[in-house]
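Subject: Structure handover

Hello,

Here is the structure I promised to pass on. Please open it alongside this note.

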Amino acid sequence: MAVTLAIMVSVRAMVDTPVSLLTKLLQRLMRHSRRKHHSKSPYRSGFEERVAGVLTDAKVAFSYETLRLEYFKTCHYKPDFILPNGVILEVKGYFTASDRTKHKLVKECHPELDIRFVFQNAHNT
């Protein structure tokens with residue numbers, strides 16, 4: 001019910017549609033929430049497809065996934081060892097895909113750092 005209320009408030013803020021019409025449309029949306037998603041649909045989920053139907057029925061103009069926003073996740077990296085000459089040693093038992101992604105981003109943000117990896121076993125990378 002909270003989802004229905006949140007959607008109703010959001011849709012009401014976008015258009016001047018009577019509450020009763022939106023309530024009916026949202027009730028229909030929730031009643032058919034287990035419908036299968038059509039693979040030829042331009043939407044990536046069945047729920048998106050149903051929301052698009054509700055917006056269309058309410059005569060609300062919309063565009064679907066026409067805006068692409070870049071975002072960054074703020075994280076922190078704590079190097080394992082820092083030598084007196086400034087060289088950073090990162091000690092790894094396993095070097096996973098997420099480790100690789102993290103260290104690529106660290107290097108992109110801090111190209112001035114000299115980060116060197118020490119692997120426990122060369123076959124676990």
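Below is what I found in it, from the overall fold down to individual contacts.

Please keep in mind that this is a predicted model.

Fold first. The protein chain has 125 residues, and 22% of them are buried. Its secondary structure amounts to 4 helices and 3 strands. The order along the sequence is α-α-α-β-β-α-β.

Next, the salt bridges. There are 4 in the structure. Three of the residues involved, Glu90, Lys92 and Asp99, are joined in a network. Lys92 is the shared partner: its side chain meets that of Glu90 at 3.7 Å, N to O, and Lys92 also pairs with Asp99, where the closest N and O atoms are 3.4 Å apart.

Is this network buried or exposed? Take its members in turn. Glu90 has 5% relative accessibility, so it is buried. Lys92 comes to 10%, so it is buried too. Asp99 stands at 11% and therefore also counts as buried. The cut-off for buried is under 20% relative accessible area.

Another salt bridge links Asp114 and Arg116. Here the closest N and O atoms are 2.7 Å apart. What about the accessibility of this pair? Asp114 has 31% relative accessibility, so it counts as partly exposed. Arg116 has 45%, so it is partly exposed as well.

Now the surface. Phe81, Val91 and Val118 make up a nonpolar patch. Together they offer about 250 Å² of accessible area. Val91 belongs to strand β2, which covers residues 88-92. Val91 counts as partly exposed because its relative accessibility is 42%. Glu90 and Lys92, on either side of Val91 in the numbering, are buried, at 5% and 10% respectively.

Last, the largest pocket. It holds about 460 Å³ of space. Its lining consists of 14 residues. Which of them lie nearest the centre of the pocket? They are Lys73, Cys75, Leu105, Val106 and Cys109. By class, the lining has 8 nonpolar residues, 3 polar ones and 3 charged ones.

If you want places to start, I would look at the Glu90, Lys92 and Asp99 network, then at the patch with Phe81, Val91 and Val118, and then at the pocket lining around Lys73 and Cys75.

Best wishes

Definitions and conventions
Residues are numbered from 1 along each chain as its sequence is written. This is a predicted model: local features need pLDDT of at least 70, side-chain atom pairs count only at pLDDT 80 or more; totals for chains, interfaces and linings use all residues. Side-chain values use heavy atoms; hydrogens and water are left out. On a 1 Å grid over the protein atoms alone, a cavity is a set of points where a 1.4 Å probe fits but cannot get out, and a pocket is an open set with protein on both sides within 12 Å along at least five of seven lines; lining residues have an atom within 4 Å of a point. Grid points are joined across faces, edges and corners, and a volume is the space filled by probe spheres set on the points. Ala, Val, Leu, Ile, Met, Phe, Trp, Tyr, Cys and Pro count as nonpolar, Asp, Glu, Lys and Arg as charged, and the others, Gly among them, as polar. Patches are made of residues with over 30% relative accessible area and no salt bridge: like charges are joined within 9 Å, nonpolar side chains (Val, Leu, Ile, Met, Phe, Trp, Tyr) within 5 Å. Accessible areas come from the Shrake-Rupley method with a 1.4 Å probe; for residues, only the protein chains shown count as cover. Helices (H or I, at least four residues) and strands (E, at least two) are DSSP runs, numbered from the N terminus. Buried means under 20% relative accessible area, exposed over 50%, partly exposed in between (1.4 Å probe, protein chains only).
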